[in-house]
Amino acid sequence: MSYRLLTLSALRNRLARQPRGAQQPNLAQHPAGKAALSLLKVVASAGLPLLLLWLAGCSNEPAPRDTHSPVSDNGEISSFFYSLLLYLDAAILAIVVAVWAYALVKFKKQAGDDTLPEQSHGNMKLEVIWTAIPTLIVVAITVPMLVGVFQMSKRHDPNQPVVEVDVTGKQWWWEFDYKSGSAAGLHTANELHLPVGTAVTLHMTSADVIHAWWVPRLGGKRDANPGRTYPMSFTAKTPGIYDGQCAELCGSSHALMGTKLIVHPLAGELEVDYKGQKVKLETYETWVREQQAPAKPPVAELEKGLKLFKERTCPSCHLIQGLEGTDIAARSATSGPNLTHVGSRMGIAANTLLNNPENLAKWISKPSAVKPGSKMPDGLVTPEDAKAIAAFLSSLK
Ligand code: CUA
């Protein structure tokens, strides 16, 4: 079998040999041309709706997980580099497309001109230019980015007040143990409360598989690995409520392993907007005092819930500090969230459901329906019992 390579100049010669007046092939009549045209039509007609769909995602409002509205020093650094790369790449794209379009027009082959354009192979000047420019761009990105990486990995001065919290990822929720300051000894779950403008160091680890802590508006992610502890230091700059999400595939309910970061003002109450709702934030110290208080005994009509809570073995995993017979939960890798003030949380089941008695009853009566693979077993309580327990737990503000 022999191949004949049809070079461009041979093709040109062949076309040139075509007799004058011979019918020019009509592309629109050719099967391949027809297919190309209909494909173009489909792309054009799908393009408009797709464009509208894309534009529908545009908003001036900061979204709960918008990395472009940073609320911490780390978030500002991340956001800066995101913008730097975006604008730099957009400028490079614009320049390349402009030069390309200019070359298309300027160097278009003229009729009757068979001369080859000037060949640039081995042109030292050009080789130097198109090696130097990308090198400069990479240096311009890398140097400030390395500075940013070191800034984000900084440790706070231990002589300054620092809020230190041990953060443990568990399938599928987050446990927080406060280690310093007024909150030292506080043990809570899923909603991390911090003071604004204060240095914070989180010490990340995991009790089972690898998780990753990520509150997009706070900046980067940090892996939570079993058997290791990684620090993450930052200062939250804006009071508010910010959603987070486990960012490492960690099992069947990975997508349901949410978290919330609540940044409190240092003085006075503050009303903040959370997903279109007005929420009042007390000071960080007020929150700490409320959380440190033991749980109040339930009023008479909620006593049944407490009784069922104890009978159905809930205290073997869940701690309620201050109520007799409910503070036996061993602090182990398998123990569940501390429920001493569960009624004060915004969400339950790691931010999967809004915290209200109906959702709590739903969650308790059949955990696997809310969170597949949940360590809390199904069938511990009847739906009727679940309502009573939920009413009692909701009262634990
Ligand atoms: Cu934890 Cu994904």
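Let's start with a small sheet: three strands form an open sheet in the order β4-β10-β9, with mixed pairing. Strands here are DSSP runs (E, at least two residues), helices are runs of H or I with at least four residues, and both are numbered from the N terminus. Two strands pair if DSSP finds at least two bridges between them. At the edges stand β4 (191-195) and β9 (240-245), each with a single partner strand, so one side of each has no neighbour in the sheet. On average, neighbouring strands of this sheet are turned by 20° against each other, direction ignored; the axes are lines fitted to C-alpha atoms, for helices over the stretch in contact, and angles run from 0 to 180 degrees between N-to-C directions.

You are looking at a predicted model, in which local features need pLDDT of at least 70, side-chain atom pairs count only at pLDDT 80 or more, and totals for chains, interfaces and linings use all residues. Residues are numbered from 1 along each chain as its sequence is written.

Now look at one pair of strands. β9 and β10 run antiparallel and are joined by 6 bridges. Here Gly 244 stands opposite Thr 259 in β10.

Next, step back to the whole chain. The protein chain is divided into domain 1 (64-96 + 126-292) and domain 2 (300-394), with bounds that come from an automatic or database domain assignment. Their contact takes 21 residues from domain 1 and 15 residues from domain 2, where contact means C-beta atoms, placed from the backbone, within 7 Å. On the side of domain 1 that touches domain 2, the elements giving two or more residues include β10 (258-264) and α5 (284-292).

Definitions and conventions
Contact = placed C-beta atoms within 7 Å.
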